[in-house]
Amino acid sequence: MISASSAACSAYGACDLFAKGDLRPCSIVIFGGSGDLAARKLIPALYNLFIHDALPDPINIVGASRTVMSDEVFKDRLYGFLIEQVEVDQQRWLEFSKKLFYQAITYDNGDSYLELADFLDGLDQKNNTLKNRMFYLAVPPSLYPVIGAHLGQAGLAVEGKDGEDWARIVVEKPFGRDLDSARELERILHDSFNEHQIFRIDHYLAKETVQNILMLRFANTIFEPLWNRSFIDHVGIVTTEKLGVEHRAGYYEQSGVLRDMFQNHLMQLLALTAMEPPSHFVAERVQDEKVKVFRALKPLNIDNHHDNLILGQYAAGMIDNQPVCGYRDESGVTPDSLTPTFAMLRVYIDNWRWRNVPFYLVSGKRMERKETKIVIQFKNVPHSMFRNVLDENILANRLILGVYPEEKISLSFQTKNPGAKECLRPVTMDFKYNSVISKTELGAYEMVLLDCILGDHMLFWRQDGVELSWSFITPVLQFCENCLMNKDDLQFYPAGSLGPEKSQEMINLLMKG
Ligand code: NDP
């Protein structure tokens with residue numbers, strides 16, 4: 001176990017969870033305000049920021065969707081979801097709820113947006129909220145271009161000079177469903193908004209442990225000299241879950257695991273693990289380096305795809321000792337669906353640092369456990385001077401960056417077992433975040449909302465990154481869709497297992513520790 005020095009923390013002034021900058025009064029409009037994301041993630045995150053005095057004051061939070069309801073009904077509904085998730089202080093809720101408003105809208109009707117503009121102007125005058133606006137698209141992706149275009153036509157994307165009266169649009173994943181649709185979405189959004197106004201969310205980027213990847217690599221001298229093909233045998237990036245498709249079959253049938261997890265979250269984890277150090281820790285510089293990783297990705301070797309790509313779909317099995325049905329028997333899934341719920345990709349980054357180092361990207365639903373981690377597997381020692389006294393191979397060093405369930409950094413190495421006989425024992429040195437962090441946790445949605453209010457793009461995707469990521473994944477998707485037509489390549493795995501048999505050896509290896 002490792003302890004942390006609190007002195008180092010305060011000396012750099014880096015420990016204040018919320019105080020990040022100038023929070024200007026603004027209005028946040030949540031399109032899809034009647035929906036799941038708004039109720040379960042966005043409003044609880046805004047409430048959490050509010051009770052920590054981390055929201056601008058004044059602020060208006062406006063739900064906008066087709067459902068007609070009063071402000072009061074909107075607030076009651078949100079309150080119902082909130083008390084299921086957190087302990088709510090009644091007095092603070094009363095203060096917070098005064099900032100909540102609701103405006104019914106027809107997404108494809110221009111007049112509706114003019115009414116919204118008037119409504120926001122009215123709130124600005126009444127509450128002194130200035131003309132700063134964030135438009136959050138918490139709606140099905142098919143509505144992103146519709147809303148983006150109408151906001152532009154209603155003049156709601158126009159900004160003042162020198163950062164006054166900002167207008168920002170926040171887009172949830174998925175950003176398109178392939179390269180062409182991502183470009184088309186971009187074209188429409190860019191008709192109304194400039195790149196600096198567009199915030200493409202990947203909430204994985206806002207996880208503390210994910211952000212810490214860059215700190216670990218570039219705020220220490222001991223890791224970076226080893227972080228390359230000379231010392232690293234392979235890298236595993238794993239994110240598995242126990243849950244099945246739940247109530248999202250409609251979305252998942254269209255998306256599958258490659259669009260749902262690989263194009264976005266796994267590609268970001270890959271970029272953070274593999275990128276070169278930027279010259280400054282500012283959004284543009286970090287994005288530049290990430291983009292170089294995407295650009296260097298070697299296209300998947302389709303001819304030899306069995307070594308590089310394993311696809312699976314969960315069949316019936318047991319989760320937590322309870323029987324669960326297979327994917328094809330889930331409500332809303334077609335009985336002969338070929339949608340993959342599991343994938344393992346072996347990818348290579350064609351550059352000096354990573355030549356010939358395989359990166360295994362793994363994600364699956366209904367797996368044995370819920371876990372997200374990055375495994376850095378170092379090479380074997382080049383020469384074993386202990387071979388005459390040891391009858392076994394020496395286990396190579398391994399560094400694990402745990403994101404979930406344990407937020408940790410864990411390094412395994414060899415020590416001598418006490419006693420007269422020469423014998424090695426692998427041990428692990430663990431740093432667990434919860435052992436040193438006692439403050440209120442700042443969730444991923446709090447982070448992205450706060451950064452968007454501040455105009456900081458660090459935790460968001462830039463368009464060139466989106467396109468390069470799709471450029472890599474789209475041929476894989478096309479190949480999968482073609483090869484799945486032959487029904488040869490989709491392997492079924494029992495729910496609650498480690499995935500398809502073909503991938504189990506590697507997954508077993510990656511899951512250790
Ligand atoms: P919902 O299905 O709950 O939809 C949000 C709102 O959009 C609904 O309340 C509804 O409001 C409106 N809506 C739904 N379907 C249609 C339709 N066919 N036509 C017009 N309006 C429609 O979505 P979520 O809140 O779950 O997700 C919103 C976005 O965020 C999606 O893009 C999703 O992929 C993404 N996302 C969601 C996550 C989550 O945890 N829920 C996590 C990560 C991303 P009304 O009928 O009142 O207009």
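A strand here is a DSSP run of type E with at least two residues, and strands, like helices, are numbered from the N terminus. With that in hand, let's work through some exercises on this predicted model.

**Exercise 1. Place M134 in the fold and decide whether it is buried or exposed.**

*Solution.* Start with the secondary structure: M134 sits in strand β4, which covers residues 133-137. Next, take its relative accessible area, which is 0%. The cut-off for a buried residue is under 20%, so M134 is buried.

Now look at the neighbours. Leaving aside residues up to four places away in sequence, M134 touches S27, I28 and V29, then W166, R168 and V170, and finally L449, C452 and I453. For one of these, I28, we also have a backbone distance: the C-alpha atoms of M134 and I28 are separated by 4.7 Å, although their positions lie 106 residues apart along the chain.

**Exercise 2. Check whether the length of helix α2 agrees with the expected rise per residue.**

*Solution.* First, count: α2 runs over residues 36-51, which is 16 residues. The expected span is 1.5 Å times one less than that number, so the helix should span 22 Å. Then compare with the model, where the end C-alpha atoms of α2 are 22 Å apart, in agreement with the expectation.

**Exercise 3. Find where α2 bends, and describe which of its residues are buried.**

*Solution.* The bend is at L42 and amounts to about 30°. A proline, P44, follows within four residues of that point.

For burial, go along the helix. A38 and A39 are buried, and then comes the run L42, I43, P44, A45, L46, Y47, N48, L49 and F50. Both the bend residue L42 and the proline P44 are therefore among the buried residues of α2.

One of these buried residues, A39, also gives a link to another helix. G80 is found in α3, residues 71-85, and the C-alpha atoms of G80 and A39 are separated by 8.9 Å, with the two residues 41 apart along the chain. G80 itself has 29% relative accessibility and counts as partly exposed.

**Exercise 4. Which residues other than glycine take a positive phi, and how accessible are D53 and E246?**

*Solution.* Begin with D53, whose phi is near 55°. D53 comes just after α2, in the loop between α2 and β2. Its relative accessible area is 63%, so D53 is exposed.

Continue with E246, whose phi is also near 55°. This residue lies in the loop between β7 and α9, the latter being residues 249-274. With a relative accessible area of 41%, E246 is partly exposed.

**Exercise 5. Locate the cis peptide bonds that precede P58 and P174.**

*Solution.* The bond from D57 to P58 is cis, with omega near 5°. P58 lies in the loop between α2 and β2, where β2 is residues 59-65; D53 from the previous exercise lies in the loop between α2 and β2 too.

The bond from K173 to P174 is likewise cis, with omega near 5°. P174 belongs to the loop between β5 (167-171) and α7 (179-192).

**Exercise 6. What surrounds N228, and is N228 buried or exposed?**

*Solution.* N228 is placed in the loop between α8 (208-218) and β7 (232-240). Its relative accessible area is 16%, so N228 is buried. Not counting residues up to four places away in sequence, N228 touches R353 and W354.

**Exercise 7. Test whether the overall size of the protein agrees with a compact globule.**

*Solution.* For 513 residues, a compact globule would have a radius of gyration near 24 Å. The protein has 24 Å, so the two agree. The C-alpha trace spans about 85 × 60 × 45 Å along its principal axes.

Then add the composition of the fold. The protein has 14 helices and 18 strands, and buried residues make up 52% of its 513 residues. Among contacts with a separation of 6 or more, 76% come from residues 24 or more positions apart. The exposed area is about 24000 Å², with carbon and sulfur atoms supplying 52% of it.

Finally, turn to the domains. The assignment gives domain 1 as 24-172 and domain 2 as 205-441 + 464-511, and their C-alpha centres lie 36 Å apart.

Terms used: Residues are numbered from 1 along each chain as its sequence is written. This is a predicted model: local features need pLDDT of at least 70, side-chain atom pairs count only at pLDDT 80 or more; totals for chains, interfaces and linings use all residues. Side-chain values use heavy atoms; hydrogens and water are left out. The bend at a residue is the angle between axes fitted to the seven residues ending there and the seven starting there. Buried means under 20% relative accessible area, exposed over 50%, partly exposed in between (1.4 Å probe, protein chains only). The radius of gyration is taken over C-alpha atoms; the globule rule is 2.2 Å times the number of residues to the power 0.38. Contact means heavy atoms within 4.5 Å. Accessible areas come from the Shrake-Rupley method with a 1.4 Å probe; for residues, only the protein chains shown count as cover. Domain bounds come from an automatic or database domain assignment.
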